[in-house]
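User: I am new to protein models and would like a close look at one part of this one. Could you take me through it slowly?

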Amino acid sequence: MANVLTKMGISKKMLMINFVMLFGGFIAILNQTLLTPALPSIMREMQVDASTAQWLTTGFMLVNGIMIPITAYLIDRFTTRKLFFVSMGLFTLGTFIAAISSSFSMVLLARILQAAGAGILMPMGQTIMLLTIPRQYRGVGMGMIGLVMGCAPAIGPVVAGFVIDAFGWHILFYAMVPLALLTIVVAYFYLENMGETTDLDLDIPSVILSTLGFGGLLYSFSAIGSSGFSLLVLISFLIGAVALILFIHRQLHMETPLLKVSILKNKKFAISVALTMLVQAALIVGSVLNPIYIQTIRGYGASVSGLIMLPASIVMLIMSPVSGRLFDKFGPRVLAIPGLLITTLFTLPMVMMNENTSLLWLSFVYTVRCIGLALVNMPLNTWGLNALENRVMAHGTAIGNTFRQVAGSLGTAVLITVMSIVVAASANPAADAAQIHGINMAYLGAMFMMLAALILTIVFVKEEK
């Protein structure tokens, strides 16, 4: 890949800058995925129940989702080096606190610090990648970002499961601290400032509205997906929706907004955001439903579940840079239509699976489904960002990342709710057959999402290379 970028005219200096940013993002995402297999061990050691322990993932997601919309302002306001060292420093501090934690409150504090740093690292890395690579080769650059974003979730849970069984969950974070420190040292020597900074004042009302808006929506969708509907969820949703409307209204009427939501008036960018939101929802829901089926219904352990889903993750790693190069050569339409068609067709076997479905067959179907998603996700994202001017690229990546995170939570909430309603309506909700039927109907909802995305792509994504 480095040779490919060099042939495209990317200097070694720019290559090193992008490598540092991507490695920092990789460590951030890896730490996020390491925690899920560690939750049962943390619950036993800290003597907390599942609803309390879930805040380690929910809290991370909330802080991460709150930070991402602010990254556009931070990138405009502060130099690349200063922002990277602060965000990586917060993340490293959080990782160290997690490693030495002896109480649940310490672990939760660690996760908040990690999320604050991670919420800046990936959008900043994506923005710098887009600004340093010529427009006609951005597909390859976005493919590298997809490789990083897919590699960590692929290896994280599988490796974590074996490490936790052998050495305990603390070692996961101890092992990450030297890597994070090494990244900071390498960045000190190689990372350079990119672009120009502007002396902008932080608009506090916008920050408050953004925090309430995105935080409220993310919490409500996450709570529905994990524990069902409640009065607190309704209040959180209403506060989030109202705050988000006020936030968007304020941004549209400010001379220098915190987040330039006005770029959604760009038709290509708006279409790409909408389509990648649908794809993200379908992608996330598969990673939620399959472990439920494999572990809860079929009775296998988390390591078996991880191994069954590992081929799909590996294939997505391979396909991400490949789809990037194909995008640069052929454009979005040639990839997105076959990709969505594959995803739609290979979601159908999930709708039809039962208690006797072969796990090898499930792994194969899920892997092919992910090939389709890999042909769609980054190419459509790159197509939309290419429609923007460089001066608003940081705002484009922030909006895209934030909306996809909301879509992942919303899609999971909607489809898990569908599953719960179907299970509750059955004659014997506790039976495996009722649980499987609920999963079937949730996958049917995901299939309709992909069918809608396919139709929208055929109608609106007309551009070739």
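How much space lies in the largest cavity?

Analyst: Happy to help! This is a predicted model, where local features need pLDDT of at least 70 and side-chain atom pairs 80 or more, while totals for chains, interfaces and linings use all residues. Residues are numbered from 1 along each chain as its sequence is written, and side-chain values use heavy atoms, without hydrogens and water.

The largest cavity holds about 40 Å³ of space. A cavity is a set of points on a 1 Å grid where a 1.4 Å probe fits but cannot get out, and its volume is the space filled by probe spheres on those points, joined across faces, edges and corners. One cavity reaches 30 Å³ or more.

Its walls come from Phe 214, Leu 244, Phe 247, Ile 248, Leu 259, Val 261 and Phe 403, lining residues being those with an atom within 4 Å of a point. Helix α11 (residues 231–252) gives the largest share of this lining, three residues; helices are DSSP runs of H or I, at least four residues, numbered from the N terminus. By class, the lining has seven nonpolar residues, no polar and no charged ones. Nonpolar means Ala, Val, Leu, Ile, Met, Phe, Trp, Tyr, Cys and Pro; charged means Asp, Glu, Lys and Arg; the others, Gly among them, are polar.

For comparison, look at a helix contact. Where helix α12 (residues 267–297) packs with helix α18 (residues 432–460), the contact residues divide into 21 nonpolar, four polar and two charged.

Terms used
Axes are lines fitted to C-alpha atoms, for helices over the stretch in contact, and angles run from 0 to 180 degrees between N-to-C directions. Helices (H or I, at least four residues) and strands (E, at least two) are DSSP runs, numbered from the N terminus. On a 1 Å grid over the protein atoms alone, a cavity is a set of points where a 1.4 Å probe fits but cannot get out, and a pocket is an open set with protein on both sides within 12 Å along at least five of seven lines; lining residues have an atom within 4 Å of a point.
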